[in-house]
Amino acid sequence: MLKNSYIVWEGASLINGSPIVLILTGFVSPSTNRKTGRLIQSWILQQEFAPTFAASKGLDSGVCGSCPLKLSQIGSCYVHLLPINNIYRKYVAGNYPKLGTNEIEVLKHYRYPIRIGSYGDPTAVPFDVWESIISASGRYTGYTHQFYECDSRWKQYLMASVQSESEARIAQIQGWRTFRIIAPDAPLSENEILCRHTEDDRIQCETCLLCDGASSKPNIADRVHGLKWKVSNFVKYSNSLSN
């Protein structure tokens, strides 16, 4: 019987060697995320710490790498960690089975799109672990802050997540499409379009799928969103980059 959630892989983070786990959810009960729609969600978690604890103590480098948005740095990551704690608790309790051939066949049959890294940087997990899942689905979205040092094969699946025009130019020169977070009143660059969901909230990631790595598609920008204090932190950070 098909379960909703599965452990894909457990091992050492490629970012810092700490023990991490990759979990997929949404096989039976679709995500309630209004922006993404029905995507299979993927969660990269520290094995030894609940997500909220890891983030508050700066122990999340194994899954978040050098992302400047995380709580221990500028504190503007839009991800709400409390629900992810529930995923972690179920993992620790041994409630998740291992992903197997049958589940891969389900992905092939239904072509469920995958959100590569709902939480955590996908490049913390070996590329070969992901590839069979991504290939089975054939449809995906994903981002990485580790674009400057990760396996170059990721360019075909992920966008480089950047926070400034200069960082975007560097990533684009290296062959990445970019996804840039911008302040609420900031203009787009001439080679960017605004996230389609931000333009029209009836459009969801599951049908848009523009954020799917290297292609002829445009670079994307989106206005910072989330809790007010997180937005404020990002605006201060963004202003500091331009001063």
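## Ser161, the cysteines and the nonpolar cores

Ser161 sits in strand β6, which spans residues 159-162. The model is predicted. With a relative accessible area of 8%, Ser161 is buried. Its side chain makes a polar contact of 3.3 Å with the side chain of His145. His145 is also among the residues that Ser161 touches beyond four places in sequence, together with Tyr143, Thr144, Phe147 and Phe179.

The cysteines come next. A disulfide is a covalent bond between the sulfur atoms of two cysteines. The count of disulfides in this model is zero. Why is Cys150 without such a bond? The closest cysteine sulfur, in Cys67, is 14 Å from the sulfur of Cys150, which is too far for a bond. Cys195 is in no disulfide either, and its nearest cysteine sulfur belongs to Cys205.

| Cysteine | Closest cysteine sulfur | Distance | Relative accessibility |
|---|---|---|---|
| Cys150 | Cys67 | 14 Å | 17%, buried |
| Cys195 | Cys205 | 6.3 Å | 10%, buried |

The largest nonpolar core has 51 residues, and the members touching the most others are Leu45, Leu107, Ile116, Tyr119 and Trp154. Helix α5, residues 127-137, contributes the most to this core, with six residues. Beyond its neighbours within four places in sequence, Trp154 is in contact with Ile116, Pro122, Thr123, Val125, Phe127, Trp130, Ile134 and Trp176. Another core, of 15 residues, lies apart from the largest one, and its members include Cys67, Cys195, Cys208 and Val224.

Definitions and conventions. Residues numbered from 1 in each chain as written. Predicted model: local features only at pLDDT ≥ 70, side-chain atom pairs only at ≥ 80, totals over all residues. Heavy atoms only, no water. Helix = DSSP H or I, 4+ residues; strand = E, 2+ residues; numbered from the N terminus. Buried < 20%, exposed > 50% of the residue type's maximum accessible area, 1.4 Å probe, protein only. Polar contact = N/O pair within 3.5 Å; in protein donor to acceptor, adjacent residues only side chain to side chain. Contact = heavy atoms within 4.5 Å. Disulfide = S-S within 2.5 Å. Core = buried A, V, L, I, M, F, W, Y, C linked by side-chain atoms within 4.5 Å.
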